[in-house]
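Visitor: I'd like a close look at just one part of this model, starting from a single residue and working outward. Please take it slowly and tell me what your terms mean as you go.

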Amino acid sequence: MHSLVIAVCLHKTGDEFGYIFCKINKYRRLNPSFSMSDGDAAIFNGAHSVWQDIVRLTCYPHVKMKVLGRINTVEDEDLRAEIICDIHTIQLCSSREMFLDAIECFRAHYTD
């Protein structure tokens, strides 16, 4: 089962998110392995204050947005398209091991 929580935060701090996650944990006794968000450190810090072993993940749309914002430094259009395609393919990995292997191959392929 997946839980969905909607919260309104005034300052979007790790303490605020920690309070929210602590209250959720009090009633649901969750033990999540991952915290997926837009990359905001406050969300992860709040989750980590409740679940110390949690791993931080950034959702793919936010990763893609960041990549597209930086990929223009690559002058070769074909190379840019290849990198974007490879990143899109990597995010389809169905296991952590497969993902880590794909990242290793990606780095080896694009490292000068």
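**From one lysine outward**

Guide: Lys-12 has its place in the segment before helix 1. Helices (H or I, at least four residues) and strands (E, at least two) are DSSP runs here, numbered from the N terminus. Before going further: this is a predicted model, where local features need pLDDT of at least 70 and side-chain atom pairs count only at pLDDT 80 or more, while totals for chains, interfaces and linings use all residues. Residues are numbered from 1 along each chain as its sequence is written, and side-chain values use heavy atoms, leaving out hydrogens and water.

Back to Lys-12: its relative accessible area is 41%, so this residue is partly exposed. That label covers what falls between buried (under 20% relative accessible area) and exposed (over 50%), with a 1.4 Å probe and protein chains only. Its backbone is worth a glance too. Most residues other than glycine have a negative phi. Lys-12, not a glycine, has a positive phi of about 55 degrees. Arg-29 does something similar, with a positive phi of about 50 degrees although it is no glycine either. You'll find Arg-29 in the loop between helix 1 and strand 1, exposed at 63% relative accessible area.

Now for the partner of Lys-12. A salt bridge here is a side-chain nitrogen of Lys or Arg within 4 Å of a carboxyl oxygen of Asp or Glu. By this rule there is one salt bridge. Lys-12 makes it with Asp-40, and the closest N and O atoms are 3.1 Å apart. The pair ties together distant parts of the chain, 28 residues apart: Lys-12 in the segment before helix 1, Asp-40 in the loop between strand 1 and helix 2.

Asp-40 has a second job: it caps the N-terminal end of helix 2, with a side-chain oxygen 2.8 Å from the backbone nitrogen of Ala-42. For the record, a polar contact is a pair of N or O atoms within 3.5 Å; within protein, one must be able to donate a hydrogen and the other to accept it, and residues adjacent in sequence count only if both atoms are side-chain atoms.

Follow that cap into helix 2 (residues 41-50) and you meet buried residues, among them Ala-42, Ile-43 and Phe-44. The buried residues of this helix pack against helix 1, strand 1 (34-37) and strand 2 (55-58), where contact means heavy atoms within 4.5 Å. Ser-37 belongs to strand 1 and is buried, at 9% relative accessible area. Leaving aside residues up to four places away in sequence, Ser-37 touches Ile-43, Leu-57, Thr-58 and Cys-59.

Helix 1, one of those packing partners, has its own pair of rings. Phe-17 and Phe-21 both lie in helix 1 (residues 14-28), four residues apart, about one turn of the helix. An α-helix has 3.6 residues a turn, so residues three or four places apart point the same way. Both Phe-17 and Phe-21 are buried. Together with Trp-51, Phe-17 and Phe-21 make up one aromatic cluster; rings of Phe, Tyr and Trp (its six-membered ring) pair if their centres lie within 6.5 Å, with planes under 30 degrees apart counted as stacked, over 60 as edge-to-face and the rest as tilted.
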